[in-house]
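Work through the exercises below with the model open. Try each task before you read its solution.

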Amino acid sequence: MWLRTSCEISFDVSIDTPFILMLRPRNGANQWVARESYTLNPTVPVFEYTDYYGNLCQRLIAPPGEFSVRTSADIHTNEHIDVCPGAPFTEVQSLPDSVLTYLTPTRYCESDRFIDLAQEIVADALPGYDQVATLHRWLRENIRFNPDSPHFQLSAVETNMAGEGVCRELAHLGIALCRALCIPARMVVGYLYGLQPMDFHAWFEAYVGGRWYTFDPTQAEPCGGRVIVAYGHDAADVAIFTQFGPALYPMHMAANVERLPGPPN
């Protein structure tokens, strides 16, 4: 399916402020960026680099005054995501080197605190994909997805205690539970077609059966229409913007996804 994504973020900047932005979707096995625009107002020099996870990052210094970023992209992506009940657990000693890093506890995913709970939840599930699917079902039944949650930047432990959270928090808890079972898991940030209310979105992927599979605790059924912008261990790695200096919050931020009838002209 063809999707058009767009976002707009504006700031009221008081002093010269360094930023790192992470707003460009990248090409990969499951998505192709056919057209892209990226506009800064006012225009400033931008330096792009690729981080440890392969994410496209833009460095710049925003001058005092109103500073805005607008992006748009036409992307071909999968209308459905792969599911594979029965896909086997991969022994740690057989994991690719690049995947091992997604087994360890991190700032927002304290997997070492969830070993007992994770084993309790998946007690009757086959090792591998079925365990992750069971964790996904438990999250759906026990942790409420609340886009208006007053909680901010919760870790997996805090999300479990609160019993609710935004998409980022549910992903954190899912990742921590997977890693507690020695299943590699990573956070994904991007866009989801049909998400209500529309916003930037986060979910997680788990590595079973020799590949990554998508799991999204905010959705009742597996659904495609996803545009990936960034991967990371947790939210600390996938912020769409990071500014340095005095605290600065967007005056306005909006994201949108629409379906196109076919490839862009």
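**Exercise 1.** Leaving aside its neighbours within four places in sequence, which residues is Asp237 in contact with?

*Solution.* Start with the ground rules. This is a predicted model, in which local features need pLDDT of at least 70 and side-chain atom pairs count only at pLDDT 80 or more, while totals for chains, interfaces and linings use all residues. Residues are numbered from 1 along each chain as its sequence is written, and side-chain values use heavy atoms, with hydrogens and water left out.

Step 1: find Asp237 in the loop between E12 and E13. Helices (H or I, at least four residues) and strands (E, at least two) are DSSP runs, numbered from the N terminus.
Step 2: look for contacts, meaning heavy atoms within 4.5 Å. Asp237 touches Met22, Tyr53, Asn55, Tyr231 and Gly232.
Step 3: check one partner along the chain. Met22 and Asp237 are 215 residues apart in sequence, yet their C-alpha atoms are separated by 9.9 Å.

**Exercise 2.** Describe the largest pocket and its lining.

*Solution.* Step 1: take the term. On a 1 Å grid over the protein atoms alone, a pocket is an open set of points where a 1.4 Å probe fits, with protein on both sides within 12 Å along at least five of seven lines; lining residues have an atom within 4 Å of a point.
Step 2: read the volume, which is the space filled by probe spheres set on the points, with grid points joined across faces, edges and corners. It is about 1,100 Å³ for the largest pocket.
Step 3: go to the centre. Of the 32 lining residues, Phe152, Gln153, Arg168, Ile240 and Met253 are the closest to it.
Step 4: list the elements. H5 (167-180), E9 (185-192), E10 (201-208) and E13 (241-243) each supply at least two lining residues. E13 has the largest share, 3 residues.
Step 5: sort by class. Ala, Val, Leu, Ile, Met, Phe, Trp, Tyr, Cys and Pro count as nonpolar, Asp, Glu, Lys and Arg as charged, and the others, Gly among them, as polar. The lining has 23 nonpolar, 6 polar and 3 charged residues.

**Exercise 3.** Do the same for the second largest pocket.

*Solution.* Step 1: its volume is about 430 Å³.
Step 2: 21 residues line the second largest pocket, and Asn30, Glu205, Thr214, Ile228 and Tyr231 lie nearest its centre.
Step 3: strands E11 (211-215) and E12 (226-232) each give two or more lining residues. E11 gives the most, with 4.
Step 4: the classes are 6 nonpolar, 9 polar and 6 charged.

**Exercise 4.** Which residues make the contact between H3 and H5?

*Solution.* Step 1: locate H3 at residues 129-142; its axis lies 10 Å from that of H5, at an angle of about 145°. Axes are lines fitted to C-alpha atoms, for helices over the stretch in contact, and angles run from 0 to 180 degrees between N-to-C directions.
Step 2: name the residues. H3 brings Val132, Leu135, Trp138 and Leu139, and H5 brings Leu170, Leu173, Gly174, Leu177 and Cys178.
Step 3: sort them. There are 8 nonpolar, 1 polar and no charged residues.

**Exercise 5.** Find the backbone exceptions.

*Solution.* Step 1: recall the rule. Most residues other than glycine have a negative phi, and most peptide bonds are trans.
Step 2: go to Asn41 and Pro42. Their peptide bond is cis, with omega near 0°. Pro42 sits in the loop between E3 (31-41) and E4 (47-50).
Step 3: Gln196 and Pro197 are also joined by a cis bond, with omega about -10°. Pro197 is in the loop between E9 and E10.
Step 4: Cys182 has a positive phi, near 65°. Its loop runs between H5 and E9.
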